[in-house]
Amino acid sequence: GMTIKAAIKTQLEAVGAVSAAGMTVYTGLAPQGAPLPYIVMNRIPGGEFGLDHGGLEGWNRETWQVDLFHADDETLEAIRNAIITAIHGTSKTTWSGLVIHGAFVTDAHDTTELESPGAGVGEARQTLELVVKYEP
């Protein structure tokens, strides 16, 4: 079956503003020299794995960091908002065949100034924290 990583990637790619901007979604790291705009998603350690949630056995709860990169900060803000609108508060649905009990954007902030040295000049960055509860 589809992994939650692949399912989240598919959901991000399905957001109209993401596809309209021609953003590629990478997991882990973007390739060296990857052209803007793009998205990088990574699982953040510390989400409870396979714990009991809401009285139901066997759900997984994972936290993912989703970093959005674009040359234009206003465009990026609109894309960020579109992603939040599409995904935040999703529940009792399926993503790529996985049963999703809840998907919530628990944090969203401009992280442009946190870019590492050597990153592209004039590159805007937004970071989302996404918590997903699902049946594995």
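Buried means under 20% relative accessible area, exposed means over 50%, and partly exposed lies in between. The legends below use these words for a predicted model.

**Figure 1. The whole chain has 3 helices and 6 strands.** From the N terminus, the elements follow the order α-α-β-β-β-α-β-β-β. The protein has 136 residues, and 38% of them are buried.

**Figure 2. The largest nonpolar core brings together 27 residues.** I4, I8, L12, I39, I83 and V132 have the most contacts inside this core. Helix 1 (4–14), strand 2 (38–44), strand 3 (60–70), helix 3, strand 5 and strand 6 (124–135) each contribute at least two residues to the core. Strand 6 provides the largest share, with 5 residues. In soluble globular proteins, nonpolar side chains tend to be buried together.

**Figure 3. K9 and E13 form a salt bridge.** The structure holds 3 salt bridges. In the K9–E13 pair, the closest N and O atoms are 2.8 Å apart. Both residues belong to helix 1 and are 4 residues apart, so about one helical turn separates them. K9 has 25% relative accessibility and therefore counts as partly exposed. E13 is also partly exposed, at 34% relative accessibility.

**Figure 4. E62 and R43 meet in a salt bridge between two strands.** The N to O distance is 3.7 Å. E62 sits in strand 3 and R43 in strand 2, so the pair ties together parts that are 19 residues apart in sequence. Which of these side chains is buried, and which is partly exposed? E62 has 4% relative accessibility, so E62 counts as buried. R43 has a relative accessible area of 36%, so R43 is partly exposed.

**Figure 5. D67 and R125 form a salt bridge between distant parts of the chain.** Their closest N and O atoms are 3.3 Å apart. D67 lies in strand 3 and R125 in strand 6, with their positions 58 residues apart in the sequence numbering. Buried or exposed? D67 and R125 are both buried.

**Figure 6. D72, D73, E74, E77, D110 and E113 form a negative surface patch.** Which helix gives the most to this patch? Helix 3 (residues 73–87) does, with 3 residues. Another member of the patch, D110, belongs to strand 5 (residues 98–110). D110 is partly exposed because its relative accessibility is 37%.

**Figure 7. L130 and R43 are 9.2 Å apart in space, C-alpha to C-alpha.** In sequence, 87 residues separate the two. L130 is part of strand 6. L130 has 3% relative accessibility, so L130 counts as buried. R43, from strand 2, is partly exposed, with a relative accessible area of 36%.

**Figure 8. A cis peptide bond joins L36 and P37.** Its omega is about -5°. P37 lies in the loop between strand 1 (24–27) and strand 2. Y38 belongs to strand 2. With 11% relative accessibility, Y38 counts as buried. How many residues apart in sequence are Y38 and M23? They are 15 residues apart in sequence, and their C-alpha atoms are 4.5 Å apart in space.

**Figure 9. S91 and K92 share the loop between helix 3 and strand 4.** Strand 4 covers residues 93–95. S91 has a relative accessible area of 35%, so S91 is partly exposed. The C-alpha atoms of S91 and V132 are separated by 9.5 Å, although the two residues are 41 residues apart along the chain. V132 is among the core residues with the most contacts. K92 has a positive phi, near 50°, and is a residue other than glycine. K92 is exposed, with a relative accessible area of 74%.

**Figure 10. S96 has a positive phi in a residue other than glycine.** The value is near 50°. Where is S96 placed? S96 lies in the loop between strand 4 and strand 5. S96 has a relative accessible area of 31%, so S96 is partly exposed.

Conventions. Residues are numbered from 1 along each chain as its sequence is written. This is a predicted model: local features need pLDDT of at least 70, side-chain atom pairs count only at pLDDT 80 or more; totals for chains, interfaces and linings use all residues. Side-chain values use heavy atoms; hydrogens and water are left out. Patches are made of residues with over 30% relative accessible area and no salt bridge: like charges are joined within 9 Å, nonpolar side chains (Val, Leu, Ile, Met, Phe, Trp, Tyr) within 5 Å. Accessible areas come from the Shrake-Rupley method with a 1.4 Å probe; for residues, only the protein chains shown count as cover. A salt bridge is a side-chain nitrogen of Lys or Arg within 4 Å of a carboxyl oxygen of Asp or Glu. Lys and Arg count as positive and Asp and Glu as negative; His and the chain ends are not counted. The place of a charge is taken as NZ of Lys, CZ of Arg, CG of Asp or CD of Glu. Buried means under 20% relative accessible area, exposed over 50%, partly exposed in between (1.4 Å probe, protein chains only). A nonpolar core is a set of buried Ala, Val, Leu, Ile, Met, Phe, Trp, Tyr and Cys residues joined through side-chain atoms within 4.5 Å.
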